[in-house]
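Let's take a friendly walk through this model together. Please have the sequence and the 3D view open as you read.

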Amino acid sequence: MSGPVLSDFGGGPFGIYVHVPFCATRCGYCDFNTYTAGELGTSASPQSWLDALRGELATAAAQFAELPTATPEVATIFVGGGTPSLLGGAGLSSVLDAVRANFTLAATAEVTTESNPESTSPEFFERLRAAGFTRISLGMQSAAAHVLKVLDRTHTPGRAVAAAKEARAAGFDHVNLDLIYGTPGERDSDLDASLDAVLEAGVDHVSAYSLIVEDGTALARRVRRGELPAPDDDVLAARYERIDARLAAAGLTWYEVSNWAASEAAACRHNLGYWDGGDWLGAGPGAHSHVGGVRWWNIKHPARYADRVTVGGLPAAGWETLTADERYTERVMLAVRLRTGLPVEDLDPEGLAAAERVIADGLATRVADRLILTDRGRLLADGVVRQLLVP
């Protein structure tokens with residue numbers, strides 16, 4: 001497999017996503033491309049992964065340099081996983097050094113890393129701040145011990161808040177806490193306690209996701225065996241409204257259906273690049289990339305990924321050039337979820353007619369030239385997308 005045939009950059013902000021595939025334990029709800037040390041054995045290690053990452057970044061930079069359009073400065077970097085914080089401050093600093101060695105970062109670049117609270121410390125955050133990271137995203141999920149247990153999370157209920165405060169003390173202005181709501185056994189009081197903890201932490205960004213039971217996960221097996229009930233749609237909707245009301249009252253405004261920020265500067269610019277149809281390089285095992293309408297995805301297993309990098313070329317497992325219809329579908333699907341909404345001029349005639357029906361149903365409103373979801377529409381965002389795409 002020779003690799004994807006790249007196209008020119010699209011002209012918008014360019015981001016880089018780095019996938020760290022390592023986890024100390026596997027959470028029962030997670031279907032991400034992650035591996036514990038026991039699952040990998042001696043086939044791969046953080047060091048072999050970092051060596052391969054350097055090789056992939058160098059290869060990508062060389063191929064981008066051959067395009068007619070010059071490689072833009074990197075506007076955003078997002079290190080995700082997996083558990084990037086398992087690399088420690090030194091390891092994550094090396095990741096950022098590897099990006100800088102091959103690409104030019106914008107002076108105002110946003111540089112984010114995900115972190116699990118239990119693998120952080122004041123020294124960890126200080127090291128990241130000194131290295132050039134600007135944003136921290138912490139996986140809190142819940143402040144209730146019994147909810148964390150169902151999710152197989154290993155941190156104690158108060159650790160996420162403590163970690164967020166440590167990040168702020170280290171100089172990070174932008175700190176996010178992730179919540180998961182609708183876990184079997186979660187009560188309204190549990191969610192309220194989680195929201196109390198989030199607000200106590202003083203973060204400027206919150207992401208809240210309803211629990212999805214993904215096929216092939218330990219959680220799915222427990223639900224299938226009847227050990228746990230499946231999440232209830234009505235409960236999930238009520239929980240979402242509860243979250244939105246509490247965060248809005250505290251000055252955090254939704255800017256994407258599952259994300260709230262205290263200001264425009266606090267919004268995650270990297271994720272906005274995805275939702276706005278930007279270009280990005282995804283580096284690391286299983287990472288996805290998109291440049292100029294060409295999308296490719298890397299080999300998943302860390303050992304096979306490293307082997308492919310050693311041979312040369314991008315470690316792509318597959319790729320595709322998006323058709324006009326596919327790009328239209330993605331534009332509608334992503335832009336509708338944003339508070340800024342979908343420009344109505346982007347809709348085809350059938351989509352425009354469907355938009356009028358969506359507005360009549362109270363699921364969206366037209367503000368100037370944009371279609372923007374109402375509060376009720378946010379609860380049914382996927383349904384709105386289906387109506388716009390399949391009138």
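C27 counts as buried, with a relative accessibility of 15%; buried means under 20% relative accessible area, exposed over 50%, and partly exposed in between (1.4 Å probe, protein chains only). This is a predicted model, in which local features need pLDDT of at least 70 and side-chain atom pairs count only at pLDDT 80 or more, while totals for chains, interfaces and linings use all residues. Residues are numbered from 1 along each chain as its sequence is written, and side-chain values use heavy atoms, with hydrogens and water left out.

**Cysteines**

Which cysteine sulfur is closest to that of C27? The sulfur belongs to C30 and is 6.4 Å away, too far for a bond. A disulfide is a pair of cysteine sulfur atoms within 2.5 Å, and by this rule the count is zero disulfides. C268 is in no disulfide either, since its nearest cysteine sulfur, again that of C30, is 18 Å away. C268 is also buried, at 1% relative accessibility.

**Backbone details**

A few residues deserve a look at their backbone. G81 and G82 are joined by a cis peptide bond with an omega of about 25°. G82 sits in the loop between β2 (74-81) and α3 (88-102); helices (H or I, at least four residues) and strands (E, at least two) are DSSP runs, numbered from the N terminus.

Q141 and D152 each have a positive phi without being glycine: about 70° for Q141 and near 65° for D152. The table sets these two beside S142, with the place and relative accessibility of each.

| Residue | Place | Relative accessibility |
|---|---|---|
| Q141 | strand β4 (135-141) | 7%, buried |
| S142 | loop between β4 and α5 | 0%, buried |
| D152 | loop between α5 (145-150) and α6 (159-169) | 33%, partly exposed |

S142 also offers a link to the next topic: S142 and A267 are 125 residues apart in sequence, and their C-alpha atoms are 22 Å apart in space.

**The second largest pocket**

Rolling a probe the size of a water molecule over the atoms shows where empty space is left. Here the search runs on a 1 Å grid over the protein atoms alone: a cavity is a set of points where a 1.4 Å probe fits but cannot get out, a pocket is an open set with protein on both sides within 12 Å along at least five of seven lines, and lining residues have an atom within 4 Å of a point.

The second largest pocket holds about 260 Å³ of space. It is lined by 13 residues, and those closest to its centre are Y255, E264, A267, L272 and T340. By type, the lining divides into six nonpolar, three polar and four charged residues; Ala, Val, Leu, Ile, Met, Phe, Trp, Tyr, Cys and Pro count as nonpolar, Asp, Glu, Lys and Arg as charged, and the others, Gly among them, as polar.

Which elements supply at least two residues of this lining? They are β7 (253-256) and α10 (269-275), and β7 gives the most, with three residues. Domain 1 (14-276) and domain 2 (325-389) both contribute to the lining, so the second largest pocket lies between them.

**The annotated region**

UniProt, in an unreviewed entry, lists residues 8-253 as "domain: Radical SAM core". This span is 42% helix and 20% strand, and its end C-alpha atoms lie 35 Å apart.

Technical notes:
UniProt positions renumbered as here; feature names shortened; annotations may be inferred. Points joined across faces, edges and corners; volume = space filled by probe spheres on them. Domains from an automatic or database assignment.
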